[in-house]
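Please open the structure in your viewer and keep the selection tool at hand. This tour tells you what to select at each stop and what you will find there.

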Amino acid sequence: MTSTVSLTPCTQCDCRAECHLIVCGCFKYAQPNLDYFQSVTKDNASTKTDVTVPVLHVVQARLAYVAAEGELKQPFKDELPTRQAQLSTLQDTEEFDVLVVGGGATGSGCALDAVTRNLKTALVERNDFSSGTSSRSTKLIHGGVRYLQKAIMKLDYEQYMMVKEALHERSNLLDIAPHLSAPLPIMLPVYKWWQLPYYWAGIKMYDLVAGGQCLKSSYVLSKNKALELFPMLKKDKLVGAIVYYDGQHNDARMNLAIALTAARHGAAIANYTEVVHLLKKTDAGTGKEKVCGARCRDVITGNEFDVRAKCVINATGPFTDSLRKMDDGKNTNICQPSAGVHIVIPGYYSPDNMGLLDPATSDGRVIFFLPWEKMTIAGTTDTPTDITAHPIPREEDINFILNEVRNYLSPDVEVRRGDVLAAWSGIRPLVTDPNSKDTQSICRNHIVNVSDSGLVTIAGGKWTTYRSMAEETLDAAVAAHRLGGGPSKTVGLVLEGGQDWSPTLYIRLVQDYGLENEVAQHLAATYGGKAFDVAKMARVTGKRWPIVGNRLVSEFPYIESEVRYAVKEYACTAIDVIARRTRLGFLNVQAADEALPRIVDIMGKMLDWSDKKRTEELEAAKKFLYLEMGYRSRSEQLTGTTEITLDTQELCLIDRYTNRFHKFDKDSKGFITTVDVQRVLQNISVQIDENALHEILNEVDLNKNGQVELNEFLQLMSAVKKGQVSDSRLAILMKTAEESLDLRGPVTVDRSGGGV
């Protein structure tokens, strides 16, 4: 909904923007008189200039932001307290108003909402912030096209209101974290003529529900225009396409920004702090037991301590029922977990700035195919699962996604299993509907429950609506426990890093610090205004360019100073760095594996780790990549069969591969080592670092005996031929070296991305 509003030049500051005097163009000054503003928009009084602008929601957000900035104080504006200082605050504070259990998006949102209401706030998380579902999403900020369709088809008003609320929150989230989020066009290809008006009507309804918060209007494309924008699409029977807009974000960094913003405003937050049991006391008035805090344990040191609070909020996502049963063992489960698997494939599978939606897969699920961090992310599945802190992506789910992707991409694009660079599974904490037959029909709405003992539980919901869920939860907590503190102030409240961000901030990073352009863009998009703090910690490279900023791995813009800065952001383990402070583990597990030794070395020096601790951290991170990020899948592709599985017509390839192997195995030992590879490379005047060679051979050394046998090499080449393993560095190295032995030309050994 829009309305014509009267504007005149601002006279209250030097922004000179045209606006009504109630609020200046830069929102430096504001008078929170919404009733007056509404009357002005309706009356449309005579003025110098008339323009059309979105009505109330924008003004509410901006005025809330201005009011919050004026009222709220940031005790830690310059430097965040250390984790140890936060733990001391948790132990030494006599009583908090609110204790939030759970450091995901919803829990962090509750902490931010509470502390900005001037409530004394604490938050504990047994793992790392965003270590669960909140870091394993589809990376979309969306209202839910799928839910709107169900709302219309089934005349479901509840789902309609959920979509409307989500679209409002989508707009707000894009405003408060501009560095971490942005609009993304998503294409819906149409292969039947009758579907074109049907889908167009649905998408236009999506725009209509968004109203003034619509990011950009959807539009229809002809077949030729669709192929021009998305050349990888399958051409046969394509009728046209519809493009609509949703938001995209860096989910783990967004979660962290919410938690750090809460900490800056004075909330005592601590990761790796688990609840052992709830504390209770007898209410003098009613004689009933009431929750009054929690017994907590520092997971890193093992120290236990009590945190007392007037109100305890359960925001533990899939583990909601575990805490509810700590409160009362007779409580029945209210959450039905569902597993969503995503895969990451190389960026060339999709355009740089255009996603794809498959609205009806072979089994009725929705698949997204989206560009993210210069890669392509595809997912998600939706299957019932058991609750676990370490979900593992299943091979059948990975193959299901690949098969659906093949249905929409041109036959010219070979979708190979070996191109999967990372894969992960996230557990959605869906609210159980007793009448539903499967998890796909469960509404993604949320519930807020206050138990007889006063435990406040927030369950269900979706990433996009974390803020409104937190507001509703705190409203219930304030009412149930008579906490005071006033209304929520989080609408329009800019998150960590967003205050000083601008689209051209990266240019200043390049000019002021001598960072590479790609690195500067990454820092600006990850840390916002805090990117300068990361740049200040970067060390000189010793090169002409870049002047500062040593990369952790050559293909990704992550630099060593980010590891140092991660410790300031409460990173305690190497997994925290590769999975959540950076997203390397989610983008390419092989690259993350290569970066681990340097990450552990830097963290070890900062946190004073012993040699034993460093070894443990390295092994734990490798296990995380192997199990939870899909690295195991690559090994299974090579070891799943013991026989060479080349087609009969291709058996001649075995002789070619065997001859290639023997060019390196000059002594006919039956295996090759780094010494053999170095000898061949020296003959063609190519040098490779010995450590890099060890890594290359280790990828193929299935029995881990330090050498690659002929059978292992043939299995590798068979897997490469079948597309199960993509672009093995050893396979490329040996092929290129073989061709160069006669030509004596340079050998290209740049890694191509690998595959899992």
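Two strands are said to pair if DSSP finds at least two bridges between them. Keep in mind throughout that this is a predicted model.

Begin by selecting strand β14, residues 335-345, together with strand β18, residues 383-384; two bridges join these strands, which run antiparallel. If you zoom in on S338, you will see that this residue stands opposite P384 in β18.

Keep β14 selected and add strand β17, residues 375-379, which is joined to β14 by four bridges and runs antiparallel to it. Here the residue to look for is H342, which stands opposite G379 in β17.

Now add strand β19, residues 422-431, which also runs antiparallel to β14 and is connected with it by ten bridges. Along this pairing, select V344 and then A422, its bridge partner in β19.

Before leaving the strands, show the surroundings of β14: is this strand largely enclosed by the rest of the structure, or not, and why? Ten of its eleven residues are buried, that is, under 20% relative accessible area, so β14 is indeed largely enclosed.

For the last stop, select helix α6, residues 157-176, and helix α12, residues 466-481, which pack with their axes 8 Å apart and at an angle of about 105°. Angles of 65 to 115 degrees count as roughly perpendicular, and α6 and α12 are therefore described in this way. To see where they meet, display E165, E169, N172, L173 and I176 in α6 alongside Y466, R467 and S468 in α12. The residues of this contact divide into three nonpolar, two polar and three charged.

Notes. Residues are numbered from 1 along each chain as its sequence is written. This is a predicted model: local features need pLDDT of at least 70, side-chain atom pairs count only at pLDDT 80 or more; totals for chains, interfaces and linings use all residues. Side-chain values use heavy atoms; hydrogens and water are left out. Axes are lines fitted to C-alpha atoms, for helices over the stretch in contact, and angles run from 0 to 180 degrees between N-to-C directions. Angles under 35 degrees count as roughly parallel, over 145 as roughly antiparallel, 65 to 115 as roughly perpendicular and the rest as oblique. Contact means heavy atoms within 4.5 Å. Ala, Val, Leu, Ile, Met, Phe, Trp, Tyr, Cys and Pro count as nonpolar, Asp, Glu, Lys and Arg as charged, and the others, Gly among them, as polar. Buried means under 20% relative accessible area, exposed over 50%, partly exposed in between (1.4 Å probe, protein chains only).
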